[in-house]
Each structure stands twice: as structure tokens, then as C-alpha cells.
Amino acid sequence: MKLLRRISCIVAVIAITMGLSLSVFAQTSKTVYSDTYGNVTGRNSVVTGGAVRVSTTATRNPDKATLRNSAQFSTGTQLTTARKASSSAGATSLTYDFEMITTVDNPYVYVFCGHEVYLSTSSAVYFQTDRNLS
Amino acid sequence: MKKQLFSILFMILLLATTGCAQGVQQLPTSVETVSNMFTRPSEEPIQSTDDAANFQPYSFYFSHSFEQDTLIYEGGELRVPFRCAGGIGSKVGYLLLLDGQPQPYKLEPDGEYRYLHTITFTKAFAEIEFIFTPVAGTIGDTAELCAINVNDPAYRVSESGISGNMHTSGSIPILATVDFKASPAIEDMPSVDPDSLHTSVEYVDIAASDILGWSEDDLRNRSDYTISVNGSQNDSIFWNVAPNDPIHVHLELWGNPKAEFSVVFYLNNEPVTAIDHNTFHLCNQQGKKLKLDVEIDHADISEEAVLYAVIVCNNLHDIYYDNIQWFAEARTYYVIP
């Protein structure tokens, strides 16, 4: 009986731990509606190997706009310049992994991800999703 | 005994469910939808969906457009209808560049000419008018009018801490074309201080690494650039800078030899380059890379200085092509004593 109780406790602890660790890898998402591009959805998540995966999708892209993802990392006292990745003209989705090149002494604690639809020359959409990395 | 077995089974089921969650982790934990910005404006404030919001998160959204892609200038002041949308309470400034020149403008006919006006969104969208006498162009010309948003122009790192709300991190330039049916009269415009700038320009041969991975089409059409401030390409914030030390900006630009660019530097939301005062009209040269070195004096500024560099293509209507990567870019740097 005691053995069974111990097993139950261990299993419970493992489940809770896994749940907590998975929440670190959970995804942040935001959707903006525009007349031209429909629902524009931005997501970010931390992926294995120390990168932040940033994706942007649009329902439609009638004027051959470009999707662009960006990431800016903060150490708490420093903010990197934005790294950016662009889709081809007319694409409706873009996913890019931004590697976190950092040091143990100066780790990144936060990332600001940008989601853009632009280069249609006369209209544009931008919004952010953020993530705590610490 | 049965209870124990049941609890074990429950835990196993919980584990299995959690394990499955790992397999579908692409599903968002929080989803927010902002309703149509222009035809169905939302009155709801935009909230961050960040799942660990304890580090000054600042999630904002933004959208804008000219009402007309082509504008006709027939003399006097040009009125340019413009639509923009943003989070309620957010503050957005606008810069205009006409043919690569900083263009002062008014938001009201009897308003004040300034290079940047700030709009505070009291609802989710705004319809405004840029009103100005063009600083460039003569009858028969076609020129690009570029609008660039600057987020929360009053933001300073030393006062508000680090956030994603850098002045130009969400800046998306958009263009309209101006056809001149008349020549604008010269008017008094806000002045700039040309003495705050010391520059040098040179062209060097392009290195193989500069065009690594470029296709044949890229070699004909693409342009690229790098920019560094005080020797760093990676940092945006410069702490403990003595006021007597000028800010050193190094820009390299290369690619499409048909593209003509202007570079304008703004210090605390005011241009330090303007018409007849060292606006850089930069032309790529075949097989060459342009190197521009600029030293900006900020000795008169005792507190934090915000510098942004705006690079804009002046002749996109002549060279537009399908795989364009960018036609205007802006970078911000915070210089803190």
C-alpha cells in the first residue's frame, strides 16, 4: 500500500513537473484583422536548440505583400538590434527560427517578436508578440 | 486498493495527456483577435497576450495606408489623406520624406510645421491629413513620398526601462507617388543644425561575403546594408557615453546600381540632415560598396539622446520589381550619459 502511495506521489510530481516545463515551451499568439489580408496571426515559441521560432500567417495576400518576422533579444541592460527574415512576395505564411547566441554571464531574458505585412507600397500591418526567456 | 489503482491510472492518464500536449505544442496558449481596423473599428484596448508578463511587455499593433497611391500636386499646399490604426492609448509619430528629403508637415491648415507630429489613439483608428508645401520636386517631376511611423516618440530607456517599443522597431514605411503639375513655392521651413554632422564617403570593392547566396536576379535588383554605431552592429543601447564624445555611425550600402537612396539621421525626433544640409543622396555603383561614416555631435544634449537612421529609396517607381526586400529601413539607438 505504501509503495502504491509513493508511486502515486512520484507520478504526480513528474506530471506537474512536465506540465510546468512544457509551459515554458508554450506559444504566444495574436491575431489582427485587416481588410486586405484577412486574419494576420503572429506566433512565437521557444524551440529545442536555443532558438525562438517566429511565424506569421495571413488569410490572403492579394497585393503581393511580403511577410517579415523579426526578433530583438534583451539581457535586461542591453537590447540587440532587430534580426529580420522576409518571405517572398505574395506569401501567406512565414516561419523562421532566430537563434539565441548568448553567454552564460549575459543571458537573454526577454524577446520581442515583430510580425509585419509590408512592401505592398501603400499599406502595412505590424504587431508584436513577446516572451519571457528567463 | 482500488482507490490506489484508480489514482495511479489517473496519473498515467494525466501523464499521457501532458505528453500529447507536447506533440501539439503549436497550438497557441492564448489567442487574441483584433477586429477590422478600418471598416469595423474596435473600441477595445489591445492587451498583451504574453504568458509571463513580468518584464515590461509592450505588445502593440499597428497598421496604416495612404488613401491614394498617386497624389497630384497642383500648387499651394498638398493635402494627403492618411489612415492609421493602433492600440488605444498608444502614441505614434510620423515622419515624411519627399524624394528622400525630410518633409515638415502640418495636421491642421493653421497648424505648425514640424518634422514629426504625434498621434494618440483614443479609438482604434484615425483618419488624418498631412498638409505641406513640398520641399522637393518641380513641374513635370514624379517623386516618392514616404511615410514612416515612430512609436511613442517620447519614450526613453533611462526613464521607462527596456521594452520592445523602440522608436522604429515597428516602423513600416509606405509610399505614394507625387506627380508635380506645378512647382512648389519656396517657404520657410523648420531649420536644422548642419554643424552637428561630420561625414566622409568612400566606395570600396564588394567582398564575396557581401553577396553570398545572392541569385542572378538578386545581383541585378537587390540592395543590402549594414549599420553600426560606436563600433557595434548588435547593440541598440549605449550606456555611459560622455556628451563630448560624438556618436559615430558607420553605414555600408551595396547592390542594385539603379537604386538611389537617401539617408537621414534624426536626433531626438529632429533631423540633423535636411535639404541643402547634408542629406545623403547615395547611389550604388556596380561592383562597389558605399561606406559612409558620420559623426553626430550631441554635446548640447545632457540627457539621453535617441538617434535613428532612415534609409529610403528615392526612385522606386523607376525600378520596382517583384522580389524587392526593402525600400526603406529605420534603426534606433539610445545614447545614455
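Salt bridges come to 13 over all chains of this structure, which is a predicted model. Side chains of opposite charge can pair when their charged atoms come close. Several of these pairs deserve a closer look.

Start in chain A. A:D97 forms a salt bridge with A:R53, and their closest N and O atoms are 2.8 Å apart. A:D97 belongs to strand β6 (residues 93-99) and A:R53 to strand β3 (residues 51-58) of chain A, so the pair ties together parts that are 44 residues apart in sequence. How accessible are the two partners? A:D97 counts as partly exposed, at 31% relative accessibility. A:R53 counts as partly exposed as well, at 28% relative accessibility.

Now move to chain B. B:D210 forms a salt bridge with B:K289, with 3.0 Å between the closest N and O atoms. B:D210 sits in the loop between β11 (197-205) and α3 (216-221) of chain B, while B:K289 lies in strand β18 (residues 288-296) of chain B, so this bridge ties together parts that are 79 residues apart in sequence. Is B:D210 buried or exposed? B:D210 is buried, because its relative accessible area of 12% falls under the 20% limit. B:K289 is buried too, with a relative accessible area of 8%. Both charged ends of this bridge are therefore buried.

Helix α3 of chain B holds a local pair. The side chains of B:D217 and B:R220 meet in a salt bridge, at 3.5 Å from N to O. Both residues lie in helix α3, three residues apart, which is about one turn of the helix. B:D217 is partly exposed, with a relative accessible area of 29%.

Salt bridges also join up into a network. Which residues does it link? They are A:R68, A:K84, A:E116 and B:E329. The network thus includes residues of chain A and a residue of chain B.

The chains also meet in a sheet. Strands of a sheet pair through backbone hydrogen bonds, either parallel or antiparallel. Here an open sheet of seven strands runs in the order β5(A)-β4(A)-β7(A)-β8(A)-β2(B)-β4(B)-β8(B), and the pairing is antiparallel. Its edge strands are β5 (83-86) of chain A and β8 (125-132) of chain B, each of which pairs on one side only. From one strand to the next, the twist averages 20°.

Where do the two chains join within that order? Strand β8 (residues 123-132) of chain A pairs with strand β2 (residues 61-66) of chain B. The two run in the antiparallel sense and share five bridges. For a residue-level view, take A:Y126: its bridge partner in β2(B) is B:F62.

A further sheet is built from chain B. It is open, has four strands in the order β11-β18-β14-β12, and shows antiparallel pairing. The edge strands are β11 and β12 of chain B, each pairing on one side only. The twist averages 15° from one strand to the next.

Walk across this sheet from β11(B). Nine bridges join β11(B) to β18(B), and the two strands run antiparallel. B:D205 stands opposite B:K288 in β18(B). Strand β18 of chain B is also the one that holds B:K289, the partner of B:D210 described above. Next comes β14(B), joined to β18(B) by eight bridges, again antiparallel. Here B:E252 has B:K291 as its bridge partner in β18(B). The walk ends at β12(B). Seven bridges join β12(B) to β14(B), which run antiparallel. B:S223 stands opposite B:G255 in β14(B).

Leave the sheet and look at the loops. Most residues other than glycine have a negative phi, and most peptide bonds are trans. Two asparagines of chain B depart from the phi rule. B:N230 has a positive phi of about 45° although it is not a glycine. B:N230 sits in the loop between β12 (223-229) and β13 (237-238) of chain B. At 34% relative accessibility, B:N230 counts as partly exposed.

Which phi does B:N240 have? B:N240 has a positive phi of about 55°, and it is not a glycine either. Its place is the loop between β13 and β14 (247-255) of chain B. B:N240 counts as exposed, because its 69% relative accessibility lies over the 50% limit.

Definitions and conventions: Residues numbered from 1 in each chain as written. Chains lettered and ligands numbered in written order. Predicted model: local features only at pLDDT ≥ 70, side-chain atom pairs only at ≥ 80, totals over all residues. Heavy atoms only, no water. Salt bridge = Lys/Arg side-chain N within 4 Å of Asp/Glu carboxyl O. Buried < 20%, exposed > 50% of the residue type's maximum accessible area, 1.4 Å probe, protein only. Pairing = 2+ DSSP bridges. Axes fitted to C-alpha atoms, helices over the stretch in contact; angles between N-to-C directions.
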